[in-house]
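Colleague: I'm new to this one. Could you walk me through it?
Modeller: Sure, let me put it up.

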Amino acid sequence: MSKKEIKEAGLKVTLPRLQILEFLTQNKGKHYTAEELYDEMKSADHDIGLATIYRVLNQFESAGLVSKNLFENTQAVYELDTGEHHDHMVDVDYGKVIEFFDSELEQLQVKIAESKGYELIDHKLVLYVKKK
């Protein structure tokens, strides 16, 4: 993702927006709170304030560049929106977010909705897990 995606989202291309989008693109599949993103960017010598990160993440969410997830008992976490569907597992002991996709599970959800007389148009599945 680059300047083009920012412009296509109707946003002005700024250095903080570019840096945040590049960071998320390089770390595709990872989930960050705004504070974690701030710490990571700061340790990579990017001079972006926490308020700016919050503002950019909200703008990116509105523009469809990132997805915001609110998992139970955790802060909001953000991830790059690639347009590819996936579900999540959250490790309740450590807060780690794990992405997964299972075609059988996807088909089963459609069947369940249809058996109740509905058409499944979208869903978010979150499994809360802990290591055995």
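Modeller: Let's begin with Asn27, which lies in the loop between α2 and α3. Helices here are DSSP runs of H or I with at least four residues, strands are runs of E with at least two, and both are numbered from the N terminus.
Colleague: Is Asn27 buried or exposed?
Modeller: Asn27 counts as buried, at 16% relative accessibility. Buried means under 20% relative accessible area, exposed means over 50%, and partly exposed is in between, with a 1.4 Å probe and protein chains only.
Colleague: And how far apart are Asn27 and Val126 in space?
Modeller: They are 21 Å apart, C-alpha to C-alpha, and 99 residues apart in sequence.
Colleague: Before we go on, what sort of model is this?
Modeller: It's a predicted model: local features need pLDDT of at least 70, side-chain atom pairs count only at pLDDT 80 or more, and totals for chains, interfaces and linings use all residues. Residues are numbered from 1 along each chain as its sequence is written, and side-chain values use heavy atoms, with hydrogens and water left out.
Colleague: OK, the overall picture then. How many helices and strands are there?
Modeller: The protein chain has five helices and five strands. Along the sequence they run α-α-α-α-β-β-β-β-α-β.
Colleague: What box do the C-alpha atoms fill?
Modeller: Roughly 50 × 40 × 20 Å, taken along the principal axes. Of the 132 residues in the protein chain, 30% are buried.
Colleague: Back to α2. How do the axes of α2 and α3 cross?
Modeller: They cross at roughly 100 degrees and come within 11 Å. That makes α2 roughly perpendicular to α3, a label for angles of 65 to 115 degrees (under 35 is roughly parallel, over 145 roughly antiparallel, the rest oblique). The axes are lines fitted to C-alpha atoms, for helices over the stretch in contact, and angles run from 0 to 180 degrees between N-to-C directions.
Colleague: Which residues meet there?
Modeller: From α2, Gln19, Ile20, Phe23 and Leu24 meet Leu37, Glu40 and Met41 of α3. A contact means heavy atoms within 4.5 Å.
Colleague: What about α2 and α4, at what angle do they cross?
Modeller: Roughly 70 degrees, with the axes of α2 (residues 15-26) and α4 (residues 50-63) coming within 10 Å. So α2 and α4 are roughly perpendicular to each other. Pro16, Arg17, Ile20, Leu21 and Leu24 in α2 meet a set of α4 residues, including Ile53, Val56 and Phe60.
Colleague: Anything to look at on the outside of α4?
Modeller: Try Ser62, which sits in helix α4. Ser62 is exposed, with a relative accessible area of 70%. Its C-alpha is 8.9 Å from that of Ala9, although the two are 53 residues apart in sequence.
Colleague: Changing topic: what is the phi of Asp45?
Modeller: Asp45 has a positive phi of about 65 degrees, although it is not a glycine. Asp45 lies in the loop between α3 (34-43) and α4, and counts as exposed at 71% relative accessibility.
Colleague: One more. Where is His123?
Modeller: His123 is in the loop between α5 (103-115) and β5 (126-129). With a relative accessible area of 17%, His123 is buried.
Colleague: What does His123 touch?
Modeller: Leaving out residues up to four places away in sequence, His123 touches His85, Asp87, Glu106 and Gln109. The C-alpha atoms of His123 and Asp87 are separated by 8.9 Å, with their positions 36 residues apart along the chain.
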